[in-house]
Amino acid sequence: MLANLNDVLIPAQKGRYAVGLFNAVNLELARGIIAAAEQAHSPVIFGSAEVLLPYGPLEEISYFLIPMAKKASVPVVVHLDHGLKKETCIRALELGFTSVMYDCSALPYEENVKEVREMVRIAHSYGASVEAELGRVGDNEGSLESASCQPDPALYYTDPAQAKDFIHKTKADALAVSVGTAHGAYKLPPKLDFERIHTISRTVPVPLVLHGGSGLTDSDFQKAIAAGISKINIFTDINIAAVEAALSSFQKVEKGIIDLIPAEVEAVRQTVAAKIALFGSSQKNLPGDDVETLAALVAKEVLRRLT
């Protein structure tokens, strides 16, 4: 079933578990992600970032992501991650994406507030949710998110008091925080500021998002969720799993691409399934009468934020 961030993250925030976002720039990734989510009875978030659009154009991925989400037996959010341009976010909404991240974190604070507030107004008119970022999530060398590496993530950490002001002014539905992670593959183990996560979670009413999740230890994830993280973004792990499966299954030169597809889908499914179990979102697809209870919870929380 098609959902937005509020539908899946408000229950996660209340229940102290996290929902995974997994980038799906082609059908193989999408099939593996949805198979894992349905098997675990877990909500899930399909994602694609603006920097990934050369590999999976927005219009083309919308043709299969949205129908797959609609017919899924679990709540599925279709989310544009790291939308850098206003027009890209609006186009995603027009195509039927149920959530966008408008990333204005590189702008001065007041400009970030102004731009995100306007995007919230637009997205909410579509019934969609908005994620914003405050501080800057770092970039490991080779990350697609940036052309340059940020060697000291602490320079960009999210300030809890500023986060409270930011959410109050923008009414964003979720907040990506900078607490020591970075996009891409880590050369050295990251050091997360768990106390900062805990402080921000007590300061702002909306669910918190952890970017740069691939490569963290199981303990890192568990501590981050316990401290208040409700959404975790994963791409490098499933990206590598798919290509390793393709390489290992390519044994003869006469084999074609269709011989590689099943292995790629299965590798992604296994990787996503492991993350779902780790994040604690298994069996969180509420059936029957619980759907009405969940809807009431979400509606009450959204109203509380707006008053």
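The following conversation concerns strand S4 and the helices and strands around it in a predicted model.

Biologist: What makes up the secondary structure of the protein chain?

Modeller: In this predicted model, the secondary structure of the protein chain comes to 11 helices and 11 strands, and buried residues make up 54% of its 307 residues.

Biologist: Why is strand S4 called mostly covered?

Modeller: A residue counts as buried when its relative accessible area is under 20%, and in S4, which spans residues 76–83, 8 of the 8 residues are buried, so the strand is described as mostly covered.

Biologist: How do you know that strands S3 and S4 pair?

Modeller: Pairing requires at least two bridges between two strands, and S3 (residues 44–49) and S4 have 6 bridges in the parallel sense, so they are counted as paired. Within this part of the structure, glycine 47 stands opposite histidine 79 in S4.

Biologist: What makes S1 a partner of S4, if 2 bridges join them?

Modeller: The cut-off is at least two bridges, and 2 bridges join S1 (residues 2–3) to S4, so the pair satisfies the requirement. The two strands run parallel, and alanine 3 has valine 77 of S4 as its bridge partner.

Biologist: Which strand is joined to S4 by 3 bridges?

Modeller: That strand is S5, residues 99–102, which runs parallel to S4; tyrosine 102 in S5 is the bridge partner of glycine 83. The chain passes from S4 through H4 to S5 in a right-handed β-α-β crossover.

Biologist: Why is the unit made by S3, H3 and S4 called right-handed?

Modeller: The term applies if, with the strands pointing away from the viewer, the path from the first strand over the helix to the second runs clockwise; S3, H3 and S4 make a right-handed β-α-β unit, so their path is clockwise in that view.

Biologist: How do you know that helices H3 and H4 are in contact, and which residues meet?

Modeller: Contact means heavy atoms within 4.5 Å, and Leu58, Glu59, Ser62 and Ile66 in H3 meet Thr88, Arg91, Ala92 and Leu95 in H4, so these residues form a contact in that sense. The residues of this contact divide into 4 nonpolar, 2 polar and 2 charged. H3 (residues 58–71) and H4 (residues 86–95) pack at an angle of about 35°, with their axes 10 Å apart, and their crossing is right-handed.

How values were computed. Residues numbered from 1 in each chain as written. Predicted model: local features only at pLDDT ≥ 70, side-chain atom pairs only at ≥ 80, totals over all residues. Heavy atoms only, no water. Axes fitted to C-alpha atoms, helices over the stretch in contact; angles between N-to-C directions. Helix = DSSP H or I, 4+ residues; strand = E, 2+ residues; numbered from the N terminus. Left-handed = near helix turned anticlockwise from the far one by under 90°. Nonpolar A, V, L, I, M, F, W, Y, C, P; charged D, E, K, R; others polar. Buried < 20%, exposed > 50% of the residue type's maximum accessible area, 1.4 Å probe, protein only.
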